[in-house]
Amino acid sequence: SQTGQAGTQVTVPINLDEGSGVGGVQFEVNYDQSKLTPVCPAVKGTLPTGNHLITSNCTVPGVVTVAVAGAETMNSGAGSVALLTFEIDAGAAAGATALTLSGVSGSDPAGGSLDVTGVNGQVTIEAASPPNGPSGLNATAVSSSQIDLSWTDNSDNETGFKIERSPNGTSNWSQIAMVGANVTAYSNSGLPENKIGRASWG
């Protein structure tokens, strides 16, 4: 089981109990496409040698097909044959989502068949951490009807910033604009006198 936050990536190893005598393996990983998106290509794990080749196919929704092939035995001992990376959907609910192996087969270096048993896994999704709020708001009066706002962006996972204003700076805030992630300035023009601007994250 691997754990990751919504909106981030998680790397999942596909493991073998023993690599000695194994020349190649192939398998499919079935996943919930409403929660996970595979990042291809897959990469070799700790068991394949430099002479082994790995191929992967992510074009079929809900399935990743992986094959590792070679004319020599893999490294001995337990370890991973492949590493698969998944992007966890930003809106995915917290909890476990299954990774189911199917079509598992193995071969020795000469191409003979080997019995390989697949063990299903899962990704445990944690709720995304809320972004840190902005700080250091500066309001510069450019004219009697325009105020330029600037602030410090203290987060790397916000979706944007809401720009609000109030007639007194303490209550009755109303949203007047929305700017994108990583934006740190906004010009508020056409203002009646004595309006106050505020930046908040969203």
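**Cores, sheet and cross-links in the predicted model**

Of the 27 residues in the largest nonpolar core, Phe27, Val81 and Phe86 touch the most other members. The model is predicted. Seven strands each give two or more residues to this core: E2, E3 (24-30), E4, E6 (63-69), E7, E8 (95-107) and E10 (121-126). Strand E7 provides the largest share, five residues. Val81 has contacts beyond its sequence neighbourhood, with residues up to four places away not counted. Its partners there are Ile14, Leu16, Val25, Phe27, Lys44, Gly45, Leu47, Pro48, Val68 and Met74. Phe27 thus appears among the contacts of Val81 and beside Val81 in the group that touches the most other core members. A second core is separate and holds eight residues. Ile147, Leu149, Ala177 and Leu191 are among them.

Strand E7 also takes part in an open sheet of three strands. The order is E2-E7-E4, and the pairing is antiparallel. Strands E2 (9-16) and E4 (36-44) are the edges, each pairing on one side only. From one strand to the next, the twist averages 25 degrees. The antiparallel pairing of E2 with E7 (residues 79-88) runs over eight bridges. Within this part of the model, Pro13 stands opposite Leu83 of E7. The three strands of the sheet, E2, E7 and E4, are also among the elements that give two or more residues to the largest core.

The loop between strand E1 (2-5) and E2 contains Gly7. Gly7 counts as partly exposed because its relative accessibility is 36%. With neighbours within four places in sequence left aside, Gly7 is in contact with Glu87, Ile88, Asp89 and Ala90. Val68, by contrast, lies 29 Å from Gly7, C-alpha to C-alpha. The two are 61 residues apart in sequence. Val68 is one of the residues touched by Val81.

The structure holds one disulfide. Cys40 is joined to Cys58, with an S to S distance of 1.7 Å. The torsion about the S-S bond is about 55 degrees, so the disulfide is right-handed. The bond links distant parts of the chain, 18 residues apart. Cys40 sits in strand E4, an edge strand of the open sheet. Cys58 sits in the loop between strand E5 (53-57) and E6. Cys40 counts as partly exposed because its relative accessibility is 33%. Cys58 has a relative accessibility of 21% and therefore also counts as partly exposed. For Cys58, the class follows from the cut-off, because buried means under 20%.

Two aromatic pairs are present in the structure. One of them is formed by Trp151 and Phe161. The ring centres are 5.6 Å apart, and the planes meet at 55 degrees. The pair is tilted. This assignment holds because only planes over 60 degrees apart count as edge-to-face and those under 30 as stacked. Trp151 belongs to strand E12 (residues 146-152) and Phe161 to strand E13 (residues 160-166). The pair links distant parts of the chain, with the two positions 10 residues apart in sequence numbering. Trp151 and Phe161 are both buried, whereas Cys40 and Cys58 are partly exposed.

How values were computed
Residues are numbered from 1 along each chain as its sequence is written. This is a predicted model: local features need pLDDT of at least 70, side-chain atom pairs count only at pLDDT 80 or more; totals for chains, interfaces and linings use all residues. Side-chain values use heavy atoms; hydrogens and water are left out. Rings of Phe, Tyr and Trp (its six-membered ring) pair if their centres lie within 6.5 Å; planes under 30 degrees apart count as stacked, over 60 as edge-to-face and the rest as tilted. Helices (H or I, at least four residues) and strands (E, at least two) are DSSP runs, numbered from the N terminus. Buried means under 20% relative accessible area, exposed over 50%, partly exposed in between (1.4 Å probe, protein chains only). Two strands pair if DSSP finds at least two bridges between them. Axes are lines fitted to C-alpha atoms, for helices over the stretch in contact, and angles run from 0 to 180 degrees between N-to-C directions. A nonpolar core is a set of buried Ala, Val, Leu, Ile, Met, Phe, Trp, Tyr and Cys residues joined through side-chain atoms within 4.5 Å. Contact means heavy atoms within 4.5 Å. A disulfide is a pair of cysteine sulfur atoms within 2.5 Å.
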